[in-house]
Amino acid sequence: MFGKLRKGMNTFLKKITIKELSEKDLEPIIKELTDLMIQNEVGITAAEQIGKNLKRELTSLEHARFKDAMPVVKKALRASILSVLLDHDVPEIDILEKINEAKTENRPYIICMLGINGTGKTTTMAKLAKLFQKNKFSVVFAAGDTYRSGSIQQLGKHADNLGIRMIAHDYGGDPAAVAIDAIDHAESKGVDVVMIDTAGRMQNNVNLVRELEKVIRLSDTDLKIFIEDSLAGNDVIRQATQFNQDVGIDGIVMTKIDSDAKGGAIISVAQAIKKPVLFLGNGQSYNHLMKFDPDYIVKQVIPK
């Protein structure tokens, strides 16, 4: 993860030879940094904000002259990236706590999985279910992707592996009806979490957008999780923005971070739509799901 961005950052920091950190000295450094981040798929707004943060961090130093400015810039750069990842306008969500709250209300917690085909949506659904099981929560799957051939069988295989009941109808059926049946099952059997799979769609498919809206409305969804492929680069922000406008997003899971991605989108997607990144998928097994940790991300981008 972050291989190209990390390499670019190391090269950038090694080139810093200035002795004074005046605004004039910093201008070319900030521009080079911003360009580097944009080239590595950090959103323009986030890249510019990190540049502004860095400038503010460095110009506020009491002693602005150094034998070697690179360590100072490195430390300030870490703080600048961290401040974007910890954007106070982005809410925090503790899913396990939310499930517990629903349980005290004697009702299942309803999660709807969103995203286009190929992002790892169904696999991520299984990984989250495994996490819930580890925390002693029971789960039922709703096979709401009645559009794509093979989707029900794919989810069914995960359900069998995890020992989870799956509620399914025929292909071409009404996804909202599947969701309602799964919720009815959960309520009658005391199941803690209902996870609804949905059809992966491109952002311009009006019929599928309406279908998602219906599923979310009739299931009274508690949490809408958008699954995004970290290899999609700048498309991550565009897709997340469109989904958020169409049906709303509560949180994001970024997949395939173990691949050799530039990785910049992970830094900027939450800031772009003001929704939190909840987890990172970092492998193929059910246990390969990391809670999103801003400090970890910064250390990956700029190693000590």
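Which residue in S7 is the bridge partner of Met-254? I would like to start there, and to keep in mind throughout that what we have on the screen is a predicted model. The partner of Met-254 is Leu-280, which sits in S7, and the two strands concerned, S6 and S7, pair in the parallel sense over three bridges.

Let me stay with S6 for a moment, because all five of its residues, 251 to 255, are buried, and the strand is therefore largely enclosed by the rest of the structure. If you look at its two faces separately, you will find Gly-251, Val-253 and Thr-255 on one side, with Ile-252 and Met-254 on the other, and both of these faces are covered.

S6 also pairs with strand S5, residues 223-229, again in the parallel sense, and here the pairing runs over five bridges. Within that pairing, Phe-226 stands opposite Ile-252 of S6. If you then follow the chain from S5 through helix H10, which covers residues 235-246, and on to S6, you have traced a right-handed β-α-β unit.

Next, a single residue in a helix: is Ser-268 buried or exposed? Ser-268 belongs to helix H11, and its relative accessibility is 1%, so, with the cut-off for buried at under 20%, Ser-268 counts as buried. Leaving aside residues up to four places away in sequence, Ser-268 touches Glu-41, Val-42, Gly-43, Ala-46 and Ile-237.

Helix H11 brings me to the pockets, since H11 (264-273) and strand S7 (277-281), together with helices H4 (70-85) and H5 (95-104), each supply at least two residues to the lining of the largest pocket. That pocket has a volume of about 550 Å³, and of the 23 residues that line it, Glu-92, Ile-93, Pro-276, Val-277 and Phe-292 lie nearest its centre. Sorted by class, its lining contains 17 nonpolar, two polar and four charged residues.

The second largest pocket holds about 250 Å³ of space, and its lining is made of 18 residues, with Thr-119, Gly-120, Lys-121, Thr-123 and Lys-256 nearest the centre. Helix H6, residues 121-134, gives the largest share of that lining, namely five residues.

What classes of residue make up the lining of this second largest pocket? There we count one nonpolar residue, 12 polar and five charged, and I would invite you to set those numbers beside the 17 nonpolar, two polar and four charged residues in the lining of the largest pocket.

Notes:
Residues are numbered from 1 along each chain as its sequence is written. This is a predicted model: local features need pLDDT of at least 70, side-chain atom pairs count only at pLDDT 80 or more; totals for chains, interfaces and linings use all residues. Side-chain values use heavy atoms; hydrogens and water are left out. On a 1 Å grid over the protein atoms alone, a cavity is a set of points where a 1.4 Å probe fits but cannot get out, and a pocket is an open set with protein on both sides within 12 Å along at least five of seven lines; lining residues have an atom within 4 Å of a point. Grid points are joined across faces, edges and corners, and a volume is the space filled by probe spheres set on the points. Helices (H or I, at least four residues) and strands (E, at least two) are DSSP runs, numbered from the N terminus. Ala, Val, Leu, Ile, Met, Phe, Trp, Tyr, Cys and Pro count as nonpolar, Asp, Glu, Lys and Arg as charged, and the others, Gly among them, as polar. Buried means under 20% relative accessible area, exposed over 50%, partly exposed in between (1.4 Å probe, protein chains only). Contact means heavy atoms within 4.5 Å. Two strands pair if DSSP finds at least two bridges between them. A crossover is right-handed if, with the strands pointing away from the viewer, the path from the first strand over the helix to the second runs clockwise.
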